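The following questions and answers concern one protein structure. Each answer closes on the value or name requested.

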Amino acid sequence: GVTHIIQRIVEEPDIRSMGGESMERVMREAAEEHPFIQFIYATDMEGKKITKNITQIEDKAKYADYEVFDNYADRFWFQEPVKNGKVATTDIYASKVTGRLTMTVSAPIYDAEDRMGGVLGIDVKFEELAREEDED
């Protein structure tokens with residue numbers, strides 16, 4: 001499931017590098033591979049987003065102005081992995097951006113020295129995910 005996928009992504013050396021462009025390349029590949037990924041992003045330890053908006057093509061325009069929430073320090077999906085070093089999953093909610101049923105899955109990113117460097121978040125299209133899991 002998604003937990004397994006996010007764990008694989010945060011172990012990628014390009015993600016652990018904490019370098020914006022390298023991270024974005026891996027994240028774009030993940031979004032292409034998994035249509036249920038609505039939005040994928042990373043923050044630093046302060047909760048500040050450090051990657052560009054990476055979404056599915058059909059949602060690109062909807063996210064174009066979505067720089068408003070540049071700091072996510074107060075969000076459950078950010079706080080939880082920072083606190084306990086584990087993958088966190090939110091309840092299902094209606095996305096403010098797309099109106100779709102969505103859940104957020106997040107995981108801590110450990111840098112090359114195994115220090116926690118930030119958090120990776122994935123907003124999951126719930127219906128797409130259910131469909132993909134039916135096919136497995």
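Q: Are R115 and E113 buried or exposed?
A: This is a predicted model, in which local features need pLDDT of at least 70, side-chain atom pairs count only at pLDDT 80 or more, and totals for chains, interfaces and linings use all residues. Residues are numbered from 1 along each chain as its sequence is written, and side-chain values use heavy atoms, with hydrogens and water left out. Buried means under 20% relative accessible area, exposed over 50%, and partly exposed in between (1.4 Å probe, protein chains only). On this scale, both R115 and E113 are exposed.

Q: What is the N to O distance in the salt bridge between R115 and E113?
A: A salt bridge requires a side-chain nitrogen of Lys or Arg within 4 Å of a carboxyl oxygen of Asp or Glu. The side chains of R115 and E113 satisfy this rule, with an N to O distance of 3.6 Å.

Q: Which residue forms a salt bridge with R115 at 3.7 Å between the closest N and O atoms?
A: The partner counts as buried because its relative accessibility is 13%. R115 and this partner have their closest N and O atoms 3.7 Å apart, and the partner is D111.

Q: Which residues are joined into one network by salt bridges that share partners?
A: Here the linkage rests on shared partners in salt bridges. The residues joined into one network are D59, K62 and R100.

Q: How many salt bridges does the rule give?
A: The pair E24 and K52 is bridged at 3.6 Å, N to O. Applied to the structure, the rule gives a count of twelve.

Q: How many residues apart in sequence are the parts tied together by E24 and K52?
A: E24 is buried because its relative accessible area is 6%, whereas K52 is exposed, with a relative accessible area of 57%. Helices (H or I, at least four residues) and strands (E, at least two) are DSSP runs, numbered from the N terminus. E24 lies in helix 3 (residues 20-33) and K52 in the loop between strand 1 (37-44) and strand 2 (54-55), so the pair ties together parts whose separation in sequence is 28 residues.

Q: How many aromatic pairs does a search of the whole structure find?
A: Rings of Phe, Tyr and Trp (its six-membered ring) pair if their centres lie within 6.5 Å; planes under 30 degrees apart count as stacked, over 60 as edge-to-face and the rest as tilted. The search of the whole structure finds a number of aromatic pairs equal to five.

Q: What is the angle between the planes of F39 and Y63?
A: The rings of F39 and Y63 lie 4.5 Å centre to centre, and the pair is tilted, with a plane angle of 35°.
F39 lies in strand 1 and Y63 in helix 4 (residues 60-63), so this pair ties together parts 24 residues apart in sequence. F39 counts as buried at 2% relative accessibility, and Y63 is likewise buried, with a relative accessible area of 2%. The angle asked for is 35°.

Q: What is the centre to centre distance of the stacked pair Y41 and Y72?
A: Y41 and Y72 are both buried. Y41 lies in strand 1 and Y72 in the loop between helix 4 and helix 5 (76-84), so the pair ties together parts 31 residues apart in sequence. Their planes are 20° apart, and the centre to centre distance is 6.2 Å.

Q: Which residues do ring pairs link into a cluster?
A: The linkage is made by ring pairs. The cluster consists of F39, Y41, Y63, Y72 and W77.

Q: What separates the C-alpha atoms of E32 and I57?
A: E32 lies in helix 3 and counts as exposed because its relative accessibility is 66%. E32 and I57 are 25 residues apart along the chain, and their C-alpha atoms are separated by 9.4 Å.

Q: Where is M18, which has a positive phi of about 60°?
A: Most residues other than glycine have a negative phi. M18 is not a glycine, although its phi is positive. At 22% relative accessibility M18 counts as partly exposed, and its place is the loop between helix 2 and helix 3.

Q: What is the phi of D114?
A: D114 lies in the loop between strand 5 and strand 6. D114 is exposed, with a relative accessible area of 55%. Its phi is positive in a residue other than glycine, near 65°.
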